Amino acid sequence: MSPRRGPVLACSVVGAAVVALDGTVLTVAQPALQRDLHADVGLVQWTSTGYLVAVASLLVFAGRLGDRYGHRRVFAVGALGFAAASTGIALAPGIGTVIALRVLQGVCGALLQPATLGMLRTAYPQDRLGTPIAIRTVAIGLAAAAGPLIGGALVSAYGWRSVFLLGVPPTLAIGLLALATRERPHEPSRPHEPGSRYEPVPAARPRAAGGPSALDPVGALLLAVTLGLLVHGLVEAARPGGAPTGLPAVAGAVVTGVVLARHERRAPRPLLPPELLRSLPVVAGLAVLLAASAALSGSLFVATYFLQDVQGLDPLDCALRVLPLAVLMVLGAPLCPPLQRRFGPRSTATAGAALLTLGVLLLARFDATAGAAAVGVSAALLGAGFVTLMVTATSVVVHRAPEAHAGVAGGLQQTVMNIGPALGVAIATLLLALVPGGGFVPSRGAALPALVLIAALALPAALALPRAAGRRRTRPEPPSPRAGGRPCVRS
């Protein structure tokens, strides 16, 4: 591994894992936080909602900042800010301060997350991106699986404030490491250098002059409002009695989304580059991630209530029943890059979509007597299918995006990975309410059949992915001879 790639991979993996860990440990800490600060449940809920809205609103704009000013710098600001906000939350005197700092933490998380993919895109050649993305996925899976256990142990031993201190050392370390690491000479992107053994990508538009106007602040504001309203609406709709406030917010997101689309068509330097949105592989990859994350999160939401409220399991037994999901995600991620090289992204993602759909379908057939083995098989199918889709689709999105727009591509990937779970849980919540008294039993409810259809939407999206991996034939025809040049050889 190149000396420059080691620190980049470490920053990307640790940064993504810390963000995943932060979300899962907070859920465990919220009851203790509520009791200690004597806060209303609605205010405590905003410790999660405020963070989600801030992250989802700013991910794409943060990616654009990375494309313009360097992913390493933006990552360092996000990581150090995340550490500072986490420290402040641990010392917060009241719930209002916690909410405000969680919003700030969300802003820093938005700076950090797209850069974890943008740095990989600029540090690794296109045909070697699969392995670092798989390592990043393993880290996210391990962090998400370990979060409840670590959070429960910390809250029990040291109180809820210790949960927020957990992420301070790693984010501080990777922030300083990012500052100390020299960027590659071509970051932000430069055209392909002669003599490289990797195929060139299309030349990106040169960085436009004009200062902040090149960042499309109007488009950034409209996108932030659209995504903020959408995430807030979905989260509210998923709460009992929250539909009257959630649905108008979603409607507002549709309106501002239309205004955003009109603005982007007319803007001289749009926030969402047309060449990125016109790329069928990129759009298909994002659609795969949206459908898969919505189906998985909604299914786990229903399964949790089924196992605890219907079958009477405690949280630990419930976690053990679905443990195969985490195990398959961790074990399956390293296998995805060789599968992509052997069978191509289209076939690999199609198989993953079939596994995910089968897992949700099996879960939808459970009655109140479903045993541990059946639940374990369903969880294993969900884990195997989702990790295959996540690694494959993420690789396609990052790989097929021009290097000059790697940050925006990473921001879009992270955005759908935030919107998807909120969408899946909101749909499950609304449909569970349609069958009072029976909705928590999968075979008697309407939620899981709907989630089967959502999971199945990943199949046509997967079929739109490239047939072969790493076959971008973008070299001019015929190639111009170069004195002393060497032919392009693919390893």
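1. Two residues are in contact when heavy atoms of one lie within 4.5 Å of heavy atoms of the other. With that in hand, the pairing of the helices H1 and H2 can be read residue by residue. On the H1 side the contact is made by Val 19, Asp 22, Leu 26, Gln 30, Leu 33 and Gln 34, and on the H2 side by Val 41, Val 44, Thr 47, Ser 48 and Tyr 51. Sorted by class, this contact holds six nonpolar, four polar and one charged residues. The model is predicted, and every point below should be read with that in mind.

2. How are H1 and H2 oriented? Two packed helices are described by the angle between their axes and the distance between the axes. H1 covers residues 5-37 and H2 covers residues 41-69; the angle is about 170° and the axes are 10 Å apart. Angles over 145 degrees count as roughly antiparallel, and H1 and H2 are therefore roughly antiparallel to each other.

3. The loop between H1 and H2 contains His 38. This residue is not a glycine, yet its phi is positive, at about 50°. Is His 38 buried or exposed? Its relative accessible area is 71%, and a value over 50% counts as exposed.

4. Now the chain as a whole. It has 18 helices and zero strands. There are 491 residues, and 54% of them count as buried. The exposed area is about 20,700 Å², of which carbon and sulfur atoms supply 68%. Where contacts link residues at least 6 apart in sequence, 84% of those contacts join residues at least 24 apart.

5. Which residues touch the most other members of the largest nonpolar core? They are Phe 75 and Trp 160, in a core of 133 residues. H1 gives the most to this core, with 16 residues. A second core, separate from the largest, has five residues, among them Ala 62, Val 74, Leu 111 and Leu 215.

6. Phe 75 deserves a closer reading. Setting aside neighbours within four places in sequence, Phe 75 is in contact with Cys 11, Gly 15, Leu 111, Leu 112, Ala 115, Thr 116, Met 119, Ile 174 and Ala 178. Of these partners, Cys 11 and Gly 15 fall within the range of H1, residues 5-37. Leu 111 is also listed in the second core.

7. Thr 47 belongs to H2 and is one of the residues that meet H1. Its relative accessible area is 1%, so Thr 47 is buried. Beyond four places in sequence, Thr 47 touches Leu 26, Gln 30, Ile 95, Val 98, Ile 99 and Arg 102. The C-alpha atoms of Thr 47 and Ala 100 are 8.4 Å apart, although 53 residues separate the two along the chain.

8. Thr 97 sits in helix H4, residues 95-123. Is Thr 97 buried, exposed or partly exposed? With a relative accessible area of 33%, Thr 97 is partly exposed. Its C-alpha atom lies 9.9 Å from that of Thr 47, which is 50 residues away along the chain.

9. Ala 83 is part of helix H3, residues 71-90. Ala 83 is buried, at a relative accessible area of 4%. Apart from neighbours within four places in sequence, Ala 83 is in contact with Val 168, Thr 171 and Leu 172. Between the C-alpha atoms of Ala 83 and Pro 169 the separation is 7.5 Å, for residues 86 apart along the chain.

10. Gly 228 is in helix H8, residues 217-237. Its relative accessible area of 9% makes Gly 228 buried. Which residues does Gly 228 contact, leaving aside neighbours within four places in sequence? They are Val 53 and Ser 57. The C-alpha atoms of Gly 228 and Ser 57 are separated by 5.0 Å, with their places 171 residues apart along the chain.

11. The last residue in this note is Gln 413, in helix H16, residues 406-432. Gln 413 counts as buried because its relative accessibility is 1%, and under 20% is the cut-off for that word. Not counting residues up to four places away in sequence, Gln 413 touches Leu 117, Leu 286, Leu 289, Thr 394 and Val 397.

Note on methods:
Residues numbered from 1 in each chain as written. Predicted model: local features only at pLDDT ≥ 70, side-chain atom pairs only at ≥ 80, totals over all residues. Heavy atoms only, no water. Helix = DSSP H or I, 4+ residues; strand = E, 2+ residues; numbered from the N terminus. Buried < 20%, exposed > 50% of the residue type's maximum accessible area, 1.4 Å probe, protein only. Areas by Shrake-Rupley, 256 points an atom, 1.4 Å probe, with all protein chains shown as cover. Axes fitted to C-alpha atoms, helices over the stretch in contact; angles between N-to-C directions. Parallel < 35°, antiparallel > 145°, perpendicular 65-115°, else oblique. Nonpolar A, V, L, I, M, F, W, Y, C, P; charged D, E, K, R; others polar. Core = buried A, V, L, I, M, F, W, Y, C linked by side-chain atoms within 4.5 Å.
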